Structures are given as structure tokens and as C-alpha cells.
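Me: Here's a model I'd like a close look at, one loop residue for a start. Once that spot is clear, please carry on through the other parts worth a look.

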Amino acid sequence: MERKWWHDAVVYQIYPRSFQDSNGDGIGDLQGIIQRLDYLEKLGVDVVWLSPVYRSPNDDNGYDISDYQDIMEEFGTMADMEELIAKAAQHGIRIVMDLVVNHSSDEHPWFIEAKKSKDNPYRDFYIWRDPVDGHEPNDLTASFGGSAWEFDATTGQYYLHFFSKKQPDLNWENPKLRQAVYDMMNFWIDKGIAGFRMDVIDMIGKKPDEKITVNGPLLHDYIKEMHAKTFGPKDLLTVGETWSANEQIALQYTKPSNHELSMVFQLFFTQLDQYPDKGKFFTRELNVAGIKEIFDRWQVALNEQSWNALVWENHDLPRAISEYGDEGAYRIESAKMLAIMLYMLKGVPYIYQGQEIGMTNCPISDVSQIDDIESINAYRELTQSGQMTKQEALDAINKKGRDNARTPMQWDTSANGGFTTGTPWLHVNPNYQTINVKAALEDQDSIFYTYQKLIQIRKQKPVVVYGDYQMLTQTAPEVYAYTRSYQGQTLLVVANLSAKPQMINLPQYGKQKALLSNYAQGIIDLKAKPLKPYEAFVIEIK
């Protein structure tokens, strides 16, 4: 496979609204990010992926865009954005933008024009259908609840929206719409960005009349065309959010010869505590053994032909410690284990802001504390339908709600965790008094330094980037052990995914010294080695 600059990169996702406020209005902004570039450089990341900073009415916190070529006033100006790109480069950091082109805001000029009449030049930028028997065209539902169709009285038709009704879906069958998107992408490429994270990109090929919502028949044709007309000749990093992609579809997106994307996110592990026939707020006991089964499957499938994206957290997911680790006695150990287990695999690591200091979910006690539109709508539907009591609905949102990842970054012990001198737009997790960047940097054994060390090992040892992967099967279901091998160098990675002590017996590796571990280690005897709760280590086999 041809070597790419992003093969050995580490990506850090910033949710700008919650990262750092520079002017005291309670909302994170671009100047706040600029203020923290030293911190990001110290961590060792190469790329920052920004969640949307475009102009938006904020119905879905910026994922409803009203102007793709302007900056949201709360975040700053285009001059601030250009300054961020330039100053980040001085720190050795590239900027990746969020590309949200499955839908726009209903306040985008395109949609404002489209609503005016059926023969408006922008009408076909969106998806409109006549009523059927006086009702919605069909029974498609929106991800945020309710019908995916919204009636527009002006023209007597319904428009499609798979998210909020203020997020009308764009019509990718229209070549003029596609060209407008490509022009916008090239506008940002010309400003010097390093690529795009592509929001729900598997939905742009939808066929609503046939109830095909993802993986439509023309999806890959559209992406190939996008590749050719925008980022393809520029050697940029592109990553698709593709909840529907299995390993075979992922290969279709990411094989270099297909000329589509650099990689896609694999997020099936996030559903291991969900019932397959219910929504994400109905949960059951986590299938810990399923974690390694899923990651092993993807490592094997993409090993020689493509590239994985390695991710635990993002702005839509619960905090990994709260979901897969232990918020209590083993918070530090489980956080380090999750980092070691994931980021020694083959692929590009993605770190979500606060993950590197072990931030956790932030439970709420009342519906009034919810900001996220998905959680608000879910609470209403779950309680009004009788599926859950009010307390059960709150418990479900505390476990799976998107606000968990969106609470402000915890920088120090000052008011609001050092995020803002004003009133924060969303509550700060009360545990900022103990979990914060300042404390992490002062403790040489903190979670932060495990992440920093993992990044350093990745830079120093090509085996981490390019090594072949092999899972070891002679372990307990809760133990994930694998090797990475490259040009005569072999690394052994062992992780206990559970709070229960486990035993491994790998006599073929003898006695070894740990390259990295989340417990103090001397020489490790891999013959009948007892593993502590959430223990993880990396060994360079001599």
C-alpha cells in the first residue's frame, strides 16, 4: 500500500462549543482553541478535527448549517479560522473540518428559496413529495423521533428530513447540488485544511420512495465523483461516519484503488449493550467479550488492503470510561487499559477532547438539564408512550445521551473548570475538581501521560503503524491479547477488559519487560501471569 502522511497521524477531535471560551460568553470559540495549541502539541497529536464551526441556528449544535462558507458568530470570524489554521501549522498540527452534506439547515438560503415555489431553481436541491391520501408519503421515521416527512403549507408538499425538521435532506441526485457541495469543499481546501470528517455520509445515496436510507445504489458513485472533484488529487485525510458499514462495505469505501475515502469509523462496539431490535436508550449488560470480537474482525478484514479508524469516543457517544471501564475505584486503570488496547491496533487513532484526562459521563436529575435535541425528543417519546417512567428515561439518557460527551473541557479547579469566566452553555461535570488538565499534567502517572507515551511509541516504532496484526486465542473471553509484527520486530499487547482478575498463560514469550503498562511492573513472567482488574501492558518481544 502506498504510504500516506496520515498513516502515522493521531487525530484529536474538538467540540468547539465545549473546548475553551476566550471571551466569557460561556461558549467555546476559535480563539479558545488557539490558546490551547501548546497543550495539544504537548500531547503529541498531528491533526485536529473540528466539529462544525459554520454559521448555524444551532438546532442541532452546528450540524444544521445555514452558511457553509462563513463562521458561526459565537465561535468567531473567518479571520479567526484562518489564524487557527496558520497557528496550528506552526505547532505541527493540521485542521480537518466536519463535512455535513446529507442535510442543511432550513435557514440555509438554498432551502429558503426552495420553499417559495415548486418551480424555484433551488427546489430540487431538496427532496419533496406529494401527500398520499392526505398524509405523509410513507412511514419513514427520523433519527430524532417522529416522521421523516414535514408538511410545507406554501407548496402543499412534504420535504424529507432524517434528523430534525430544521435539517432538510439534500437531494444528491441533483448534479447542481453536488457541484455546489464540491465548490464549497474546494473553498475550504484552498484555505489549507487537511481533510474532512464526513457526517452520516452513508445516507447521501438514499432512495426514500424505496425506503432505502443508507447504502443507496449510487452512494459510491457520488463519493468517487467527490473524490475526483475535490480532495482526491490533494492527498487529504477523509473519514466517513458510516454506521451501516460492515467490513465488506468499509473496504469498498477505503481500498485505495476505489478512489473514495481514507477510512471510515467502525462503531458497532457502541451497540454491544443494546437490544438489536430497540433504540439506543434500551440497554442491557455489556457484552465485554464482544469488544475484542468486533475489533479483531475489523483488523483482519482491513489488514492488508485498507486502513482502520480507531475510536472510543466522539461528540455523539458516552464517555468510554463510563461505558466500558469503571468510573470508580478503577477509573485511572480502566482509562489507561482502554487507551492501550485500542491505540496499539493498526489504524489511525482518534482522541476526543477530555478522553486523555479520563473525563466521565455527567448524570442529570431533571429533564430541564438536557440540551441535546435527540435526548429531549427521546425523553418525550419514551415517557408519553409509556415505554419508560420519567426516572427510567432519565437513567437511559444518563447512560447513552449525547450531552455526556459535550460537557465543557475540564482544565483546572477554578470556576467552571477553567472553561469560561461566564455562565457555561452546558453544565460542567462537578468532578472537575479532581479530573482536570492541570492535575493530569502535574501527575507523571496520569492518564494523560499514558496517551502521550502511546503517541510517542507510535512515532518511534513503525511496527505500531504498519505491523501485521494477530489475535491470540488462548485467553479468557474478557482478555484481549494480540501481536503486531513488522520487519523482525514484534509487540505483544495484553488487556483485561473486565474488573475481574484474570489469568493468561503465554509461555512462548517467557519473561519480558513492559514497554508500557497501567500497573507498576517489573519483569513480567508470561507463563501463568495473573492479571489485575483492567490491567494492560505492551511488551516488545526480545
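Where is the place of Gln521?

Reply: Before the loop itself, note that this is a predicted model, so local features need pLDDT of at least 70 and side-chain atom pairs count only at pLDDT 80 or more, while totals for chains, interfaces and linings use all residues. Residues are numbered from 1 along each chain as its sequence is written, and side-chain values use heavy atoms, with hydrogens and water left out.

Gln521 sits in the loop between strand S18 (511–517) and strand S19 (523–525). Strands (E, at least two residues) and helices (H or I, at least four) are DSSP runs here, numbered from the N terminus. With a relative accessible area of 25%, Gln521 is partly exposed; the scheme calls a residue buried under 20%, exposed over 50% and partly exposed in between, using a 1.4 Å probe and protein chains only. Not counting residues up to four places away in sequence, Gln521 touches Ala514, Lys529, Glu535 and Phe537, where contact means heavy atoms within 4.5 Å. Take Phe537 from that list: it is 16 residues from Gln521 along the chain, and their C-alpha atoms are separated by 9.0 Å.

Now two other loop residues. Gln474 is in the loop between strand S14 (468–471) and strand S15 (479–486), and at 42% relative accessibility Gln474 counts as partly exposed. Leaving out residues up to four places away, Gln474 touches Asn505, Leu506 and Gln508. Ala148, in the loop between strand S6 (128–129) and strand S7 (149–152), is buried, because its relative accessibility is 0%. Beyond its neighbours within four places in sequence, Ala148 is in contact with Leu140, Thr141, Ala142, Tyr159, Leu160, His161 and Phe162. The C-alpha atoms of Ala148 and Tyr159 are 8.3 Å apart, with their positions eleven residues apart along the chain.

Backbone angles bring in two more loops. Lys211 isn't a glycine, yet it has a positive phi of about 60°. Lys211 lies in the loop between S9 and H6 and counts as partly exposed at 44% relative accessibility. His259 also has a positive phi, near 55°, in a residue other than glycine. You'll find His259 in the loop between H7 and strand S11 (263–264), partly exposed with a relative accessible area of 47%.

Next, helix H6 (residues 219–229), where Leu219, His220, Tyr222, Ile223, Met226 and His227 are buried. They sit on the same side of H6, because they cover an arc of only 155° around the axis, taken from the directions from the helix axis to the C-beta atoms. These buried residues pack against strand S5 (94–99), helix H5 (175–190), strand S9 (195–198) and helix H7 (247–254).

On to the aromatics. The whole structure holds 35 aromatic pairs; rings of Phe, Tyr and Trp (its six-membered ring) pair if their centres lie within 6.5 Å, and planes under 30 degrees apart count as stacked, over 60 as edge-to-face and the rest as tilted. One of the pairs is Tyr54 with Tyr68, edge-to-face at 6.1 Å centre to centre and 65° between the planes. Tyr54 belongs to strand S3 (residues 54–55) and Tyr68 to strand S4 (residues 67–71), 14 residues apart. Both Tyr54 and Tyr68 are buried, and they join Trp110, Tyr122, Phe125, Phe187 and Trp188 in one aromatic cluster.

Last, the pockets. On a 1 Å grid over the protein atoms alone, a cavity is a set of points where a 1.4 Å probe fits but cannot get out; a pocket is an open set with protein on both sides within 12 Å along at least five of seven lines, and lining residues have an atom within 4 Å of a point. Grid points are joined across faces, edges and corners, and a volume is the space filled by probe spheres set on the points. The largest pocket has about 1,300 Å³ of space. Its lining has 44 residues, and Ser143, Phe144, Phe163, Lys280 and Glu374 are the closest to its centre. Helix H11 (residues 373–384) gives the largest share of that lining, five residues. The second largest pocket has about 350 Å³ of space. Of its 20 lining residues, Lys4, Trp6, His227, Pro256 and Leu261 are the closest to the centre. His227 there is one of the buried residues of H6.
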